[in-house]
Amino acid sequence: MRRGRGYAAVNYPTGMNLGGDPSQALVHATTMGGFVVTLSSVDLGQGLRTVVAQCAAETLGIPIENVIIDTADTDTGPHCMGTFASRGTHRVGNAVIMAAREAREVMLQVAADELEVDAGDLETDGTGYVRLKGSAERKIHVSEVALAAHFRQGRTISGRGMFLKEPSPVVPETGEMDPDSCQAHACTVAEVEVDDETGVIEVLRLYNTYEVGRALNPAIATQQVEGGAWMGLSHALFESTEPYYPHSREHGPLDFTEYLMPGPADIPAQTSVLLERPADNGPFGAKGIGEMTANAPIPAIANAVYDAVGVRLTSMPFTPEKVLRGLDELRAGCAT
């Protein structure tokens, strides 16, 4: 049994297509002071609904429990280019903040009329109250503000937001362009054990360090890093939908009972660290993190295998057959 360690570093863009990929959000208050955030953006399980609820609550100055996320569809919801290119938090978060700011202005004006003060003298306390700055007594709950807006003042507490990075066409003479909004960075160190008789690779431990701008929800971000590492491990060691592509599909898996993926016993111990370097154009400084989490583990595992047995693997998955063939080539080279 041979052990090895390898690492790989990546940088990953947030957004793509040279810009021109907007996302829109709408925010409105219910009669009882809840705030509905309407999106067409899809949460693929990465926690987008939670993060944009945080962005809305922070901007409005209300408890997150008062925020309702409505991911409608492309027929009834505001426009979104889609959940891809690690753009969800960045694009949608910015759009939600813009919409929430507009709704907040209306909310403060309604509260000011009810309290008979100037809207510029009001602030939110994060617990659900709008209050006069410097006075603990002069305050009104957002539910009362919403009731007053609907039934006394005849006003709609709402806001619209759309975040668009302007297109950056390529300059033909120089190739100059601005392809993304910001870039996140990561490094993964993998420790593996390789059986030089069977060629089986076992990943023992992964160390993940990710610079993600500002982590709006560190727990979800860490789960995303470690879930993505699982995907990277799966790509590296197991997944191959078309082993002999493009020659034939006859050897490919037909369903998920035949599709190899790592199970609980195959998941290594992970240590994950988040580094925060806020992006100027991100929602509260956040960058994209999604797709990059599956990238760094793959070359890190390949480098660790090379460190362990001297076999350089250049195609996925890293099967026992490939390891053994590499070892045979090394032995043959030594013999000659």
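This section describes a four-stranded sheet, the helices packed on it, and two nonpolar cores in a predicted model.

The sheet is open and its four strands follow the order β1-β9-β10-β11, with mixed pairing. Its edges are formed by β1 (2-14) and β11 (269-275), each of which pairs on one side only. From one strand to the next, the twist averages 15 degrees. Strand β9, spanning residues 182-194, is joined to β1 in the antiparallel sense over 13 bridges. Within this pairing, Arg2 stands opposite Val194 of β9.

Two helices that pack on the sheet are α4 and α5. Helix α4 (residues 218-237) touches β10 (201-211) and β11, and its direction makes about 130 degrees with that of β11. Helix α5 (residues 297-309) is in contact with β1, β9 and β10; relative to β1, its direction makes an angle of about 155 degrees.

The largest nonpolar core comprises 44 residues, and Val96 and Ile157 are those with the most contacts inside it. Two or more residues are contributed to this core by each of the strands β2 (23-29), β3 (35-39), β4 (67-71) and β6 (129-132), and by each of the helices α1 (48-60), α2 (88-115) and α3 (142-151). The most is given by α2, with 14 residues. When residues up to four places away in sequence are not counted, Val96 touches Ala25, Val37, Leu39, Val52, Cys55 and Ala56.

Apart from the largest core lies another, of 24 residues. Among its members are Ala229, Ala236, Ile298 and Val305.

How values were computed:
Residues numbered from 1 in each chain as written. Predicted model: local features only at pLDDT ≥ 70, side-chain atom pairs only at ≥ 80, totals over all residues. Heavy atoms only, no water. Pairing = 2+ DSSP bridges. Axes fitted to C-alpha atoms, helices over the stretch in contact; angles between N-to-C directions. Contact = heavy atoms within 4.5 Å. Core = buried A, V, L, I, M, F, W, Y, C linked by side-chain atoms within 4.5 Å. Buried < 20%, exposed > 50% of the residue type's maximum accessible area, 1.4 Å probe, protein only.
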